[in-house]
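Dear colleague,

Please find below the structure I am handing over to you, followed by a summary of what was found in it.

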Amino acid sequence: MKIYFIKASSGSDYSKYKAETGGPPQNIFSAAAATPAHHEVQMTDETIGMKTDFDTDADVVVIFMSTPDAYRAYEISNTFHEKGKIILLGGLHTKFNQQEAAGYAHALIIGEVENYWEKLLSDIESGTIQPVYESQEAFDLAKLNPYPTNIIPPSKYNHTWSVVVTRGCPFKCNFCLVPKFFDSFQLRPIPNIVDELWHLKKLGVEWVELHSDNLTHNKAYAMELFAAIAPIGLKFFGETTVLIARDEELLLAARQAGLKAALLGIETPSVEALKAQKKAFVKPNKMKEAIAIIKKYDIEVWGDFLFGFDEHTPDIFRETLTFIKDINVDRVIPHFMIPFPGSENFMQLDKNGQILTKDWSLYDGSHAVYRPKNMSAKELEDGIEWIWNKTSSLSEKLKYWF
Ligand code: SF4
């Protein structure tokens, strides 16, 4: 069979965020990597401006979507339905909106596809496709194949690539979908990562995202990983928590490995909001010192900041700006807290009648889609605009994160 993987994009700020942060999207690449070699694979990533090939001769079309891209995914699906293709829908939005998505697909693919992918493909071949395929357990990352580099090459991502290191996160912050999507925190065997990195180096890749939502949570693993990848001589960036600053041995190993930047979810100077979001391990009063320690090891700190928690009043924008200047991050990523369906925050806001719209196209990081308790939606939108302007010299103006 020929299988066509598409990452749908509505061309919103979300797409720009994805394009600017570089690296291939996990979902289409992991599904392509899991596809047995006797099938033919075609891929389109609309987030980087690739055009979907509606004249494809593929038998099966697999569309992955996040919430702001849902309507674009349905539009693609409708067009391929008319052409008689088998349509599969996956991605975060599918998992948390199954009833809605079911109207646009022959089957929904939920959770980590590797656990059922071959069975699903053989069901299609035998004409016994089921309406839903769902992963029931964490996928063993020892079985993860490297992402293909010969279909959409690294040059399409400015020679930046992404290599899976872990999946899941041991924390459960209310605004985040990671712990809702992955059942547990899984580590990939280090030799597999090293092999993939050497291959990428030969291809001319320059920057690699060590893909993880919490790169240094397991110190022993992180130390072994850093020691193993140091000889490769690539430049890395990755996401972790500010807790990395507690351990200078780890920071030294990270620098020696080539880690040039760490993305940290600093979120807000509001202790009350951090507590309410189950992220109280972030201590605003210790942030300045923590960032100074990380930067001592020549690792840039990219800080992610969220606005619109119920504990925030209109003063939060000025307060955060003062905080940002004080703690001295290298790049500022300020954006709306987007209550994605499936998150604790969405459920809570919906229950309280604070959700203003379920037009998913507006969940794109440019609109207030709910009314926070202590400010109006307009105050939230104006405040975000103000902080984007005030931090533009430091900022990537990226408006979306999950
Ligand atoms: S926000 Fe970060 S630390 Fe919190 S659950 Fe999500 S990935 Fe984990």
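**Pocket lining and domain interface**

By class, the lining of the second largest pocket comprises 7 nonpolar and 4 charged residues, with no polar ones. Please note that the model is a predicted one.

The volume of this second largest pocket is about 250 Å³. Among the residues that line the pocket are the charged Arg246, Lys283, Lys286 and Glu289. The nonpolar part of the lining consists of Val242, Leu243, Ala245, Phe281, Met287, Ala290 and Ile293.

The lining residues fall within domain 2, which spans 159-390 in the domain assignment. That assignment also gives domain 1, covering 2-134. Taken over C-alpha atoms, the centres of domain 1 and domain 2 are separated by 26 Å.

As regards the interface, 23 residues of domain 1 are in contact with 21 residues of domain 2. The area buried between domain 1 and domain 2 is about 1900 Å², and carbon and sulfur atoms give 62% of that area.

Polar interactions are also present at this interface. The rule finds 7 residue pairs in polar contact across the interface of domain 1 and domain 2, with both residues at pLDDT 80 or more. The count of salt bridges between domain 1 and domain 2 is 2. One salt bridge that joins the two domains pairs arginine 167, in domain 2, with glutamate 112, in domain 1. The closest N and O atoms of arginine 167 and glutamate 112 are 2.8 Å apart.

With kind regards

Conventions. Residues are numbered from 1 along each chain as its sequence is written. This is a predicted model: local features need pLDDT of at least 70, side-chain atom pairs count only at pLDDT 80 or more; totals for chains, interfaces and linings use all residues. Side-chain values use heavy atoms; hydrogens and water are left out. On a 1 Å grid over the protein atoms alone, a cavity is a set of points where a 1.4 Å probe fits but cannot get out, and a pocket is an open set with protein on both sides within 12 Å along at least five of seven lines; lining residues have an atom within 4 Å of a point. Grid points are joined across faces, edges and corners, and a volume is the space filled by probe spheres set on the points. Domain bounds come from an automatic or database domain assignment. Contact means heavy atoms within 4.5 Å. Buried area is the accessible area (1.4 Å probe) that two parts lose on being put together, summed over both. A salt bridge is a side-chain nitrogen of Lys or Arg within 4 Å of a carboxyl oxygen of Asp or Glu. A polar contact is a pair of N or O atoms within 3.5 Å; within protein, one must be able to donate a hydrogen and the other to accept it, and residues adjacent in sequence count only if both atoms are side-chain atoms.
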